[in-house]
Amino acid sequence: MSLQLFYHPLSSYSMKALIALYENGTPFEYRMLSPDHAANCQQFGEMWPIAKFPILLDGERMVVEASIVIEHLQLYYPGPVKLLPTDPKAALEVRMMDRSSTTTSPRRSKSWWPTCCAPTANTTRMAWPKPGASSIRHTPG
Ligand SMILES: N[C@@H](CCC(=O)N[C@@H](CS)C(=O)NCC(=O)O)C(=O)O
């Protein structure tokens, strides 16, 4: 099997990659990172000293960053479920939602945000497009 996912089941970033794999029923090998799987941990540490997971191993090629794993799957292992819209402008919006939802946390950020920019009750809720009214909605095909 050429695809291997180094992950942990309680890792939200790992879940992103797992959802993409499950959505298209893409076959892969689970390489769980836990003390019970020392060989996985050792290989992971040797491959990726940054030690952030998940990572996808596609043959000899290592893919890091959950969002890039998803894009890699879309490019090299496309299935019936499209993971990103084909339209580059719509894809950009999807990337924005993806990155901002996983890299920002208003509550956690409060301590280091400058006072003038600190999130308020009005800014802590993201203004995602309303379901059904979204310009990013895409149809498969
Ligand atoms: N930017 C990375 C972040 C991945 C990440 O932070 N994963 C967490 C697990 S959910 C991790 O590796 N934590 C261990 C650490 O930071 O040492 C991505 O999008 O994949």
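A residue is counted here as surrounding the ligand if its C-beta atom, placed from the backbone, lies within 6 Å of it. The model on display is a predicted one.

**First stop: the ligand.** Select the ligand and then display Ser11, Ser12, Tyr13, Ala51, Lys52, Phe53, Glu65, Ala66 and Ser67, which surround it. By character, this shell comprises 4 nonpolar, 3 polar and 2 charged residues. Two helices deserve attention at this point: α1 and α3 each contribute at least two residues to the shell around the ligand.

**Second stop: the whole chain.** Before following those helices, display the protein as a cartoon. The protein contains 5 helices and 4 strands. Traced from the N terminus, the order of its elements is β-α-β-α-β-β-α-α-α. Of the 141 residues in the protein, 16% are buried. Among contacts with a separation of 6 or more, 59% join residues 24 or more positions apart.

**Third stop: helix α1.** Select residues 12-23, which form helix α1. With 12 residues at 1.5 Å a residue, α1 should span 16 Å, and its end C-alpha atoms are indeed 16 Å apart, so the two values agree. Next, colour Ser14, Ala17, Ala20 and Leu21, the buried residues of α1. Why do they lie on the same side of α1? They cover an arc of only 125° around the axis, and therefore share one side of the helix. The general geometry is helpful here: an α-helix has 3.6 residues a turn, so residues three or four places apart point the same way.

Now bring in the elements against which this side packs. The buried residues of α1 pack against β1 (3-7), β3 (55-58) and α3 (66-76). Turn the view to the face of α1 directed away from the buried side, where the exposed residues Ser12 and Tyr22 are found. Ser12 is also one of the residues surrounding the ligand. Just beyond α1, select Gly25, which adopts a positive phi of about 55°.

**Fourth stop: helix α3.** Select residues 66-76 and colour Ala66, Val69, Ile70, His72 and Leu73, which are buried in α3. These residues cover an arc of only 160° around the axis, which places them on the same side of α3. The buried residues of α3 pack against α1, β3 and β4 (61-64). Ala66 belongs to the shell around the ligand as well.

Remain on α3 and select Gln74, which lies in this helix. Is Gln74 buried or partly exposed? Gln74 is partly exposed, because 18 other C-beta atoms lie within 10 Å, whereas 20 or more would be required for a buried residue. Leaving aside neighbours within four places in sequence, Gln74 is in contact with Leu83 and Leu84. Gln74 and Leu84 are 10 residues apart in sequence, and their C-alpha atoms are 7.4 Å apart in space.

**Final stop: the nonpolar core.** Select Leu5, Ala17, Leu56 and Val69, the residues with the most contacts inside the largest nonpolar core, which has 17 residues. At least two residues of this core come from each of β1, α1, β3 and α3. The largest share, 4 residues, is supplied by α3. In soluble globular proteins, nonpolar side chains tend to be buried together.

Centre the view on Val69 to conclude. Not counting residues up to four places away in sequence, Val69 touches Ala17, Ala20, Pro54, Leu56 and Val63. Among these partners, Ala17 and Ala20 are buried residues of α1, the helix visited at the third stop.

Conventions
Residues numbered from 1 in each chain as written. Predicted model: local features only at pLDDT ≥ 70, side-chain atom pairs only at ≥ 80, totals over all residues. Expected span 1.5 Å × (residues − 1). Buried ≥ 20, exposed ≤ 12 C-beta atoms within 10 Å, placed from the backbone. Arc of directions from axis to C-beta. Contact = placed C-beta atoms within 7 Å. Nonpolar A, V, L, I, M, F, W, Y, C, P; charged D, E, K, R; others polar. Core = buried A, V, L, I, M, F, W, Y, C linked by C-beta atoms within 7 Å.
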